[in-house]
Amino acid sequence: GLYLAWETGNALYSVSSTATDNTTGKNLTLSSFTYFSKGGVLGEDTFQIRGGSRAIGNSLMIDTDGDYFGIRDTLLSSSNATIPDLPADANVVMAYLYWSGWWDNPYADNQSTFQVDGGPVYTVNASKWSLLDAAGEYSYSSFADVSDLVSGISGGSPHTFTVGGVSGLPGQNWSYAGWSLVVFYSSPSEEAQHFFLYDDFLYADSSHRDHTFDISGFEAPDDAEAVVTCFVGEGDDWLAGDYIQLNGYYLYGGVNPKMNVWNGLSSGLGGESIDGVDIDTFDASSPIIQPRDTSATIH
C-alpha cells in the first residue's frame, strides 16, 4: 500500500514477505520500505525511473506552393505521429504535450485537441505557456500534462497520437506551428535512467545567437550512455550556421549537419521531413559525457 511521500515526485511503499512452517504452522513476516519515483513536478527538472522515454511530434503548418524560401502557407487542422516501439512490459508514467506557433497576437494559444489511437478527441488546456516578442511579432509555446490520457496504452504495439486546433499565422517568413509529445515509461526489463527536463522557451536569430545553461545533479558511471532531445520550431534547411553543443562538442548526425542542425528534419523521428519543426535526438555518450561527470553545459 501507498504510505507516505516526503517528496512530491516519490511514493513510499511498504513491502512485506511472510514465510510459514508447514509442520508447525508458525509464520514470520518481514517488512521493509522502498520508494518509486513518479517523476518531478514540472519545474523541478529532474527525476529517475527504471525505464525510458520517447519523443515524437509533427508540424501543423506546411509549404504547399514550393517557393524558394519554403514559407509555410497552409495551417493544418491536425497532424499525427506514432510511437512504434514501447517495450512489452512498459507502463506509461508521464506524458507531456507541447505545442508552439508563430502569429501576430501578444498572447499564447493555450488550448489544443489530443487523440490517442483514433479514440475520443479531448480538449487540452495548457497549465503553462510562454510568449516571445520579436519586434512586435510573437511566438508562443504551451504545455499540458496528458499523463491521464496516455496511461492506459500498452507496450509491445505501436500507438498513434493526433494533435490539432493549434493556432498560427501562415504565409510569413517566420510562420510555423507544431507539437511534440514526450512519454516517460517504467519497464522492469530496462535499467534506471536519470532524466532532466529543461522547460524554457528560447529565441535565436542573427541578433540573439547564444543561449547557455547547465544540467547538474547526476554522477555519470563508467559506462554512461546519454542522449539529448530538442523541440525546435521554424527550422529552415536553406539557412545554415545553427548548432548545438554539449560540453563543447557539436551534436549532429544523420540528417542533421553540424552547422545546420535545425533544418526541418528530425533525427529522433527517423529523419522524417516535417517542414519547420525539428524534434531531434542526439547521442551524447563518452567522450561528451565522461565517467564521474556531475554536470554538463549546453550551448
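Which residue stands opposite Glu-137 in strand 11? The residue that stands opposite Glu-137 of strand 11 is Ala-134, and this pair offers a way into a model that is predicted.

## Overall make-up

In this predicted model, the secondary structure of the protein comes to one helix and 22 strands. The protein has 299 residues, of which 38% count as buried. Its exposed surface amounts to about 15700 Å², and carbon and sulfur atoms supply 50% of that area.

The contacts also say something about how the chain is arranged: among those between residues at least 6 apart in sequence, 69% join residues at least 24 apart.

## Strand 11 and its partners

Strand 10, which covers residues 128-134, pairs with strand 11 in the antiparallel sense over seven bridges, and Ala-134 is the residue that faces Glu-137 of strand 11. Strand 11 also pairs with strand 7, again in the antiparallel sense, over eight bridges; here Ser-100 has Ser-141 of strand 11 as its bridge partner.

Seven of the nine residues of strand 11 are buried, so this strand is largely enclosed by the rest of the structure. As a general point, the side chains of a regular strand alternate between the two faces of the sheet.

## Nonpolar cores

The largest nonpolar core holds 36 residues, and the members that touch the most other members are Trp-99, Phe-114, Val-146, Phe-161, Trp-179 and Leu-181. The elements that give two or more residues to this core include strand 3 (46-59), strand 7 (91-103), strand 8, strand 11 (137-145), strand 12 (159-164) and strand 13 (177-186). Apart from this core lies another, of 18 residues, among them Phe-213, Leu-246, Phe-282 and Ile-298.

Leu-181 shows how such a residue is surrounded: leaving aside neighbours within four places in sequence, Leu-181 is in contact with Arg-54, Ala-55, Ile-56, Ala-95, Tyr-96, Leu-97, Phe-114, Val-146 and Phe-161. Three of the names in that list, Phe-114, Val-146 and Phe-161, also appear among the core members that touch the most others.

## Val-116 in strand 8

Val-116 belongs to strand 8, which spans residues 111-116. Is Val-116 buried or exposed? Val-116 has a relative accessibility of 13%, and because buried means under 20%, Val-116 counts as buried.

When residues up to four places away in sequence are not counted, Val-116 touches Leu-149, Ile-153, Thr-160 and Phe-161. The C-alpha atoms of Val-116 and Val-163 are separated by 9.2 Å, although these two residues are 47 residues apart along the chain.

## Salt bridges

A search of the whole structure finds seven salt bridges. In general terms, side chains of opposite charge can pair when their charged atoms come close. One of the salt bridges joins Arg-54 with Asp-85, with the closest N and O atoms 3.0 Å apart. This pair links distant parts of the chain, since Arg-54 is in strand 3 and Asp-85 is in the loop between strand 6 and strand 7, 31 residues apart. Arg-54 counts as partly exposed at 21% relative accessibility, and Asp-85 counts as partly exposed at 41%.

Arg-72 forms a salt bridge with Glu-234, the closest N and O atoms being 2.4 Å apart. Arg-72 lies in the loop between strand 4 (61-62) and strand 5 (74-75), while Glu-234 lies in the loop between strand 16 and strand 17, so the pair ties together parts that are 162 residues apart in sequence. Both Arg-72 and Glu-234 are buried, with Arg-72 at 2% relative accessibility. The side chain of Arg-72 also meets that of Asp-236 in a salt bridge, at 3.8 Å from N to O, and these two residues are 164 residues apart. Asp-236 is buried as well, with a relative accessible area of 9%. Together, Arg-72, Glu-234, Asp-236 and Asp-275 are linked in a network of salt bridges.

## A nonpolar patch on the surface

Tyr-68, Phe-69, Trp-238 and Leu-239 form a nonpolar patch on the surface, and together they have about 460 Å² of accessible area. Within this patch, Trp-238 is found in the loop between strand 16 (227-233) and strand 17 (245-246), and a relative accessible area of 36% makes Trp-238 partly exposed.

Methods:
Residues are numbered from 1 along each chain as its sequence is written. This is a predicted model: local features need pLDDT of at least 70, side-chain atom pairs count only at pLDDT 80 or more; totals for chains, interfaces and linings use all residues. Side-chain values use heavy atoms; hydrogens and water are left out. Helices (H or I, at least four residues) and strands (E, at least two) are DSSP runs, numbered from the N terminus. Buried means under 20% relative accessible area, exposed over 50%, partly exposed in between (1.4 Å probe, protein chains only). Contact means heavy atoms within 4.5 Å. A nonpolar core is a set of buried Ala, Val, Leu, Ile, Met, Phe, Trp, Tyr and Cys residues joined through side-chain atoms within 4.5 Å. Patches are made of residues with over 30% relative accessible area and no salt bridge: like charges are joined within 9 Å, nonpolar side chains (Val, Leu, Ile, Met, Phe, Trp, Tyr) within 5 Å. Accessible areas come from the Shrake-Rupley method with a 1.4 Å probe; for residues, only the protein chains shown count as cover. A salt bridge is a side-chain nitrogen of Lys or Arg within 4 Å of a carboxyl oxygen of Asp or Glu. Two strands pair if DSSP finds at least two bridges between them.
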